[in-house]
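Welcome! Take a moment to turn the model around on your screen and find the arrows and coils before you read on.

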Amino acid sequence: MQGMTPPPVIVLVRPQLGENIGKAARAMLNFGLTEMRLVAPRDGWPNPDAGPAASGADIVLAGAEVFGTLAEAVADCTTVYATTVRKRGVTKPVLTPEAAARQVHASAGRSAYVFGPERSGLETDDVALAHNIVTVPINPEFGSLNLAQAVILLAYEWSKGVALASPPEVPLDPPAAHGEYEQLIDHLNRDLDAAGYFFPPERTEATLRTIRTAITKTGWSYNDIRMMHGIITTLGRARKAPGSGDA
């Protein structure tokens, strides 16, 4: 059943900048992932630049573990996914992020998404260790994703299989009965006629038809139509008010 398997761990191999680690942590927590593993971070760990870039994803940074090699970082994982834009001469199944997420949810064990250094990506030996390659369909003329972008793409696809908070659904009022539309159209046409809107006279029938078409396709509710009645009435009163310029 989707959502019952352990969440995947995010493994950053030889990350170079603390800021990028922080941004990756933020991307993870956006979609419910909290377990980060770092393999030989260039500037050591902890890194003071990671916290500000994480924008509150402190739980991810606080729990981040550091390993000397990728093999050590994924030793407890049953499936390892190497993220790379190319196969790098290693023959492995190649999946999209969506297909990889389906496999993660179908797996009984722990999975790992592995990301390479910002400048060069994963090396051939890193990819060889993985069971699958995950490649993002991307513009061949500009195939550059930064680390956080790559993390968020895979985390988002994984999140589709779990129950994360969604914006509350606000039920819409049902459309008004057709008779309510007719009353509004009649009200509007009367006021438009009184204001001299239908000119030249020979265009009146076509104009009335256009107005009817515009209003009946709105899907307005009863309350919407009541509001429009009020607007039309108020505009009519303003037109008739003393000093408005009426002869």
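This report walks from the whole chain to its sheet, then to a pocket and two single residues.

**The whole chain**

What you see is a predicted model. The chain holds 10 helices and seven strands. Of its 247 residues, 39% are buried. The surface that the chain exposes comes to about 14200 Å², and 56% of that is supplied by carbon and sulfur atoms. Now think about contacts between residues that are at least 6 apart in sequence: 84% of these join residues at least 24 apart.

**The sheet**

How are the seven strands ordered in the open sheet? Reading across, the order is 3-2-1-6-4-7-5, and the pairing is parallel. At the edges you will find strand 3 (65–67) and strand 5 (94–95), each of which pairs on one side only.

Let us begin with strand 1, which covers residues 9–13. This strand is mostly covered, with five of its five residues buried. Its side chains take two directions: Val 9, Val 11 and Val 13 point one way, while Ile 10 and Leu 12 point the other way. The residues on both sides are buried.

Strand 6 (residues 111–115) can be read in a similar fashion. Five of its five residues are buried, too. Ser 111, Tyr 113 and Phe 115 point one way from strand 6, and Ala 112 and Val 114 point the other way.

Which strands pair with strand 1, and which residues face each other? On one hand, strand 1 pairs with strand 6 in the parallel sense over four bridges. Here Val 9 has Ala 112 as its bridge partner, and Leu 12 stands opposite Phe 115. On the other hand, four bridges join strand 1 to strand 2 (residues 36–39), and these two strands also run parallel. In this pairing, the bridge partner of Leu 12 is Leu 38. Strand 6 also has strand 4 (residues 79–83) as a partner, in the parallel sense and over four bridges.

The table below collects bridge partners from these pairings.

| Strands | Residue | Bridge partner |
|---|---|---|
| Strand 1 and strand 6 | Val 9 | Ala 112 |
| Strand 1 and strand 2 | Leu 12 | Leu 38 |
| Strand 4 and strand 6 | Tyr 81 | Tyr 113 |

How does the chain get from strand 1 to strand 2? Follow it through helix 1 (residues 18–30): strand 1, helix 1 and strand 2 make a right-handed β-α-β unit.

**The largest pocket**

Rolling a probe the size of a water molecule over the atoms shows where empty space is left. In this model, the largest pocket has a volume of about 570 Å³. It is lined by 27 residues, and those closest to its centre are Val 85, Pro 117, Glu 118, Gly 121 and Leu 145. Helix 1 and helix 7 (147–159) each supply at least two residues of this lining. Which helix gives the most to the lining of the largest pocket? That is helix 7, with four residues.

**Two residues up close**

Gln 16 sits in the loop between strand 1 and helix 1. Is Gln 16 buried or exposed? Residues count as buried under 20% relative accessible area, and Gln 16 has 16%, so Gln 16 is buried. Leaving aside its neighbours within four places in sequence, Gln 16 is in contact with Arg 42, Asp 43, Pro 117, Glu 118 and Arg 119. One of these, Glu 118, is 102 residues away from Gln 16 in sequence, yet the two are 6.7 Å apart in space, C-alpha to C-alpha.

Ala 71 makes a useful second case, and this residue lies in helix 4 (residues 70–73). Its relative accessible area is 43%. Partly exposed residues fall between the 20% and 50% limits, so Ala 71 is partly exposed. Along the chain, Ala 71 and Ala 130 are 59 residues apart, and their C-alpha atoms are separated by 9.5 Å.

Terms used
Residues are numbered from 1 along each chain as its sequence is written. This is a predicted model: local features need pLDDT of at least 70, side-chain atom pairs count only at pLDDT 80 or more; totals for chains, interfaces and linings use all residues. Side-chain values use heavy atoms; hydrogens and water are left out. Buried means under 20% relative accessible area, exposed over 50%, partly exposed in between (1.4 Å probe, protein chains only). Two strands pair if DSSP finds at least two bridges between them. A crossover is right-handed if, with the strands pointing away from the viewer, the path from the first strand over the helix to the second runs clockwise. Contact means heavy atoms within 4.5 Å. Accessible areas come from the Shrake-Rupley method with a 1.4 Å probe; for residues, only the protein chains shown count as cover. On a 1 Å grid over the protein atoms alone, a cavity is a set of points where a 1.4 Å probe fits but cannot get out, and a pocket is an open set with protein on both sides within 12 Å along at least five of seven lines; lining residues have an atom within 4 Å of a point. Grid points are joined across faces, edges and corners, and a volume is the space filled by probe spheres set on the points.
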